[in-house]
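Reader: Please take one part of this model and look at it closely. I would like the sheet, with whatever packs or pairs around it.

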Amino acid sequence: MKTFRSHIRAAMLALAAAGPFASQATAMPVTSPSVDEPIVLAASDCYAIGQQVAAQNGGTLAKASQATRGGQQVCVIVVLVPGKEGQRPRRSEIVVPLN
């Protein structure tokens with residue numbers, strides 16, 4: 001039993017000692033942003049557009065995602081509109097151009 005514990009202890013010490021070297025070996029190089037590659041925050045824009053569309057339709061925002069349709073960037077908004085007289089909510093999908 002003592003030999004098993006000593007093997008476990010040696011393995012744990014070896015892993016602890018190798019930890020800092022392994023983390024440096026797998027680290028990604030840091031790159032600075034380039035002017036050639038603009039940053040597009042479409043997901044948050046679609047979410048904001050989705051909130052506005054949901055408010056206009058009197059419903060709640062269920063989903064907001066970006067898509068390309070006909071070569072144009074659009075937001076696909078899914079709104080849950082309350083049903084009449086206690087019925088289930090209606091699912092309404094609205095496509096809005098991303099400006």
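Author: One term comes before the rest. A residue counts as buried under 20% relative accessible area, as exposed over 50%, and as partly exposed in between. By that scale Glu93 is partly exposed, because its relative accessible area is 43%. Arg91 is exposed, at 57%. These two residues form a salt bridge. Their closest N and O atoms are 3.7 Å apart. The cut-off for such a pair is 4 Å, so this one qualifies. The count for salt bridges comes to one.

The model is predicted, and what follows should be read that way. Now the setting. The protein has two helices and three strands. Along the sequence they follow the pattern α-α-β-β-β.

The three strands form an open sheet. Their order is S1-S2-S3, and the pairing is antiparallel. Strand S1 covers residues 60-69 and strand S3 covers 90-97; these are the edge strands, and each pairs on one side only. From one strand to the next, the twist averages 20°.

Take the S1 and S2 pairing next. Strand S2 spans residues 72-81. Nine bridges join S2 to S1, and the two run antiparallel. One bridge can be named: Thr68 has Gln73 in S2 as its partner.

Then the packing. The largest nonpolar core has ten residues. Cys46, Ile49, Val53 and Ala54 are among them. So are Cys75, Ile77, Val79 and Val81. Val96 and Leu98 complete the set. Helix H2, residues 42-57, supplies at least two residues of this core, and S2 likewise supplies at least two.

Val96 deserves a closer look. Set aside its neighbours within four places in sequence. Val96 is then in contact with Ile49, Val53, Val74, Cys75 and Ile77. Of these partners, Ile49, Val53, Cys75 and Ile77 are also listed in the core.

Finally, the chain as a whole. Buried residues make up 16% of the 99 residues in the protein. The protein exposes about 8,200 Å², and carbon and sulfur atoms supply 59% of that area. Among contacts with a separation of 6 or more, 28% join residues 24 or more positions apart.

Methods. Residues numbered from 1 in each chain as written. Predicted model: local features only at pLDDT ≥ 70, side-chain atom pairs only at ≥ 80, totals over all residues. Heavy atoms only, no water. Helix = DSSP H or I, 4+ residues; strand = E, 2+ residues; numbered from the N terminus. Buried < 20%, exposed > 50% of the residue type's maximum accessible area, 1.4 Å probe, protein only. Contact = heavy atoms within 4.5 Å. Areas by Shrake-Rupley, 256 points an atom, 1.4 Å probe, with all protein chains shown as cover. Pairing = 2+ DSSP bridges. Axes fitted to C-alpha atoms, helices over the stretch in contact; angles between N-to-C directions. Core = buried A, V, L, I, M, F, W, Y, C linked by side-chain atoms within 4.5 Å. Salt bridge = Lys/Arg side-chain N within 4 Å of Asp/Glu carboxyl O.
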